[in-house]
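Dear colleague,

Please find below the structure that I am handing over to you. I would be grateful if you would look through it before reading the notes beneath.

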Amino acid sequence: MTDSSPDPNLSAPLAHLEGDTPPAPSWFRDAVAVAPETGRLTVKGAAIETLAWGERGRPGLMLLHGNGAHAGWWRFIAPYLADHYRVAALSWSGMGGSDWRETYDLDTFADEIEAAAEATGLSVAGAPVMVGHSFGCFPMLTEAGREAGRWRGAVIVDPPIFSPERRTGRRREDGRFAPHRIYPTLEAALARFRFAPMQPCDTLYIADRIARESLREVEGGWSWRFDPSLWARLTLPDRVEMVRGARCPLALVTGARSDLMRPADAAYVQGLLPPGSPRIDLPEAYHHVMVDQPLAFVAALRALLAVWPS
């Protein structure tokens with residue numbers, strides 16, 4: 001008889017630590033020790049959390065996180081880009097330290113990008129570049145389709161955009177959601193953290209850091225900071241048309257071992273991009289490329305931005 005229970009290394013990667021912080025290499029400790037500028041701005045009635053690194057007046061770089069995540073997913077990436085760029089990140093409404101909304105739409109998320117870019121001074125040296133991971137690609141592409149010249153380029157990182165064959169076989173979201181559980185202790189909550197989609201994680205010090213910042217203390221214990229009803233209140237337009245509608249250069253970064261964006265999907269998306277658009281495939285990276293191969297991801301962005309867009 002086969003045991004069908006999920007692998008605890010995938011479904012609960014931090015559980016065995018029992019709340020202890022795992023050891024981290026010096027490069028990571030140095031990065032998270034760089035305190036960002038923190039800010040809050042209001043967009044359509046909701047307070048939006050922002051983080052920023054680097055001097056104003058440098059070329060601007062906006063980092064956009066994925067579903068259920070938060071701006072802190074970039075804390076260990078941004079400092080390695082801030083020597084040459086003014087780097088900013090935001091937490092989407094409904095996620096991280098930002099307010100929740102009654103309804104969500106991509107135009108409002110795009111408004112959050114514009115407001116955060118203005119507040120953090122990303123355009124002082126000219127049109128900035130956006131980098132969007134996973135769900136973050138959708139607001140980014142919405143923003144990229146608005147006004148030519150506002151953005152110098154947009155980097156699509158392992159987006160949930162699938163080939164026609166894969167789309168046929170995927171289950172559609174039915175709009176249902178369940179409220180978050182409340183865990184009695186921080187240790188119990190950390191033990192329930194997992195990536196979506198589930199994947200192996202060799203960098204537990206990164207998982208631990210982002211998990212702690214994904215939680216908040218509530219009455220009765222600890223719970224997740226993102227709005228569990230967001231997907232029941234959000235409708236996505238055609239994803240292919242979002243790519244085709246971008247009015248700035250596009251680049252594609254994928255995880256070679258990603259179970260979300262598989263090789264056929266990556267090839268399909270690459271075919272949607274304008275001819276000559278760069279693509280970087282990160283070896284040994286799963287979907288969450290900045291967690292799996294953080295320094296390789298930094299190196300890839302540095303190399304890409306040094307020569308692109310021309």
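The notes below cover the cysteines, the internal space and the charged pairs. Please bear in mind that this is a predicted model.

Cysteines. A disulfide is a covalent bond between the sulfur atoms of two cysteines. The structure contains zero disulfides. For Cys137, the nearest cysteine sulfur belongs to Cys248 and is 12 Å away; because a disulfide requires sulfur atoms within 2.5 Å, this pair does not qualify. Cys137 is buried, at 0% relative accessible area, and Cys248 is buried as well, at 8%.

Internal space. There is one cavity of 30 Å³ or more. The largest cavity holds about 30 Å³ of space, and its lining consists of Pro197, Met198, Gln199, Asp259, Tyr286 and His287. By class, three of these residues are nonpolar, two are polar and one is charged.

Charged pairs. Side chains of opposite charge can pair when their charged atoms come close. The model has 19 salt bridges. One of them joins Arg166 and Asp265, with N and O 2.4 Å apart. This pair links distant parts of the chain, since Arg166 sits in helix α5 and Asp265 in helix α9, 99 residues apart. Both Arg166 and Asp265 are buried.

Another salt bridge, between Glu241 and Arg244, has its closest N and O atoms 3.3 Å apart. Both residues lie in helix α8, three residues apart, or about one turn of the helix. Glu241 is partly exposed, at 45% relative accessible area, whereas Arg244 is exposed, at 54%.

Yours sincerely

Definitions and conventions:
Residues numbered from 1 in each chain as written. Predicted model: local features only at pLDDT ≥ 70, side-chain atom pairs only at ≥ 80, totals over all residues. Heavy atoms only, no water. Buried < 20%, exposed > 50% of the residue type's maximum accessible area, 1.4 Å probe, protein only. 1 Å grid on protein atoms, 1.4 Å probe; cavity = no way out; pocket = protein on both sides within 12 Å on 5 of 7 lines; lining within 4 Å. Points joined across faces, edges and corners; volume = space filled by probe spheres on them. Nonpolar A, V, L, I, M, F, W, Y, C, P; charged D, E, K, R; others polar. Salt bridge = Lys/Arg side-chain N within 4 Å of Asp/Glu carboxyl O. Helix = DSSP H or I, 4+ residues; strand = E, 2+ residues; numbered from the N terminus.
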